[in-house]
Amino acid sequence: MGLQKKNLGKELHQAYKLMRQRFGHQHWWPGENEFEVCIGAILTQNTAWSNVEKAINNLRNAKVLTPQKLYNLPLEELASFIKPAGYYNVKARRVRSFLEVLVKEFSGDLERMLSGNINDVRSRLLAIKGIGNETADSMLLYAGRHLSFVIDAYTKRIFYRHKWCDINVTYEELKAMCEQLLRTEIDLLDYWQDYHAQLVMVGKNFCKSRLPECENCPLNSLLPKDKK
DNA sequence: GACCAGGCACATC
DNA sequence: GATGTGCATGGT
């Protein structure tokens, strides 16, 4: 992590207040239940959520949105349902490998799969092919209600833009930094869930691509003074 | 038509 | 350990 700005914690919390003021509480994750959250977490990898919604609706309309039914689906059929989400062949395999563990090791009981020691649960998720850091943390935070901060491309882009981290920061470093500094609220789970959601709002609406400027961004008042 | 999106695994050097 | 590549649809 190296040199860390003094009062960075306060600045990060100020950022939250600004985003929250602009967008309101996001009540994330979008999804009817914990199982949908997990499937959505896989489907949204490098993909716009609007496309994921179509894929999930296909599954819902086909009435296969349960662990056992989804697991029993032939791979090609699963792939055709999730086509709108893109990368449908890889994602079909990734959903399948997640379900394999859920159904075979936990009898389809997602709550049991996600309960217990956070580090153990996280390791179990990361051992599944197709589940990396962000997907695992999304499942932990939004489906498992664990205190596991989610880092994504928007987080890195926004943090770097504001010089809250350097360009080479790793996933684990940024995650540890956020988890260490964002501890002021009473309800940390709600805070971390909404913090990530707010960052996605900023990313989607104001920090597209790697352009240095993002007009009308609620965080502009926090930009480093030399390049504004 | 180009560019982008809430990643990840794998190959290669 | 760092860097490059394939995967694919739909919106702007």
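I take a residue as near a strand if its C-beta atom, placed from the backbone, lies within 6 Å of that strand. The model I am reading is predicted.

**Entry 1, DNA strand C.** I looked up which helices face this strand. Both α3 (49-61) and α6 (88-106) supply at least two residues each to the surface near DNA strand C. The top contributor is α6, with three residues. I then listed the residues around DNA strand C. They begin with N46, T47, A48, S50 and N51, and go on with K83, P84, G86, Y87, Y88, N89 and V90. I sorted this surface by class. Six of its residues are polar, five are nonpolar and one is charged.

**Entry 2, DNA strand B.** I asked which residues come nearest to this strand. Out of 28 residues around DNA strand B, the nearest are Q45, N46, G132, T135 and A153. N46 is also listed around DNA strand C. Next I looked up the helices. At least two residues of the surface near DNA strand B come from each of α9, α10 (153-161) and α12 (188-206). The most come from α9, which gives four. By class I find 12 polar, 11 nonpolar and five charged residues on this surface.

**Entry 3, domains of chain A.** I checked how the chain is divided. The assignment puts 8-27 and 150-222 in domain 1, and 34-143 in domain 2. I looked up the spacing of their C-alpha centres, and it is 26 Å. For the contact between them, I find six residues of domain 1 meeting six residues of domain 2. The side of domain 1 that touches domain 2 holds four nonpolar residues, one polar and one charged.

**Entry 4, helix α2.** I wanted to know whether this helix is enclosed or open. Seven of the 10 residues in α2 (residues 34-43) are buried, so the rest of the structure largely encloses this helix. I noted the buried ones: V37, C38, I39, G40, A41, I42 and L43. Then I looked for what covers them. The cover includes α3, α6, α7 (110-113) and α9 (133-143). Of these, α3 and α6 were noted in Entry 1 for the surface near DNA strand C, and α9 in Entry 2 for the surface near DNA strand B.

**Entry 5, K5.** I went to the start of the chain last. K5 sits in the segment before α1 (8-23). I looked up its surroundings. K5 has 13 C-beta neighbours inside 10 Å, so K5 counts as partly exposed. I also took one distance from K5. L65 is 60 residues away from K5 in sequence, and the two C-alpha atoms are 46 Å apart in space.

Conventions:
Residues are numbered from 1 along each chain as its sequence is written. Chains are lettered from A and ligands numbered from 1 in the order in which they are written. This is a predicted model: local features need pLDDT of at least 70, side-chain atom pairs count only at pLDDT 80 or more; totals for chains, interfaces and linings use all residues. Ala, Val, Leu, Ile, Met, Phe, Trp, Tyr, Cys and Pro count as nonpolar, Asp, Glu, Lys and Arg as charged, and the others, Gly among them, as polar. Domain bounds come from an automatic or database domain assignment. Two residues are in contact if their C-beta atoms, placed from the backbone, lie within 7 Å. A residue is buried if 20 or more other C-beta atoms lie within 10 Å of its own, exposed if 12 or fewer, and partly exposed in between; C-beta atoms are placed from the backbone.
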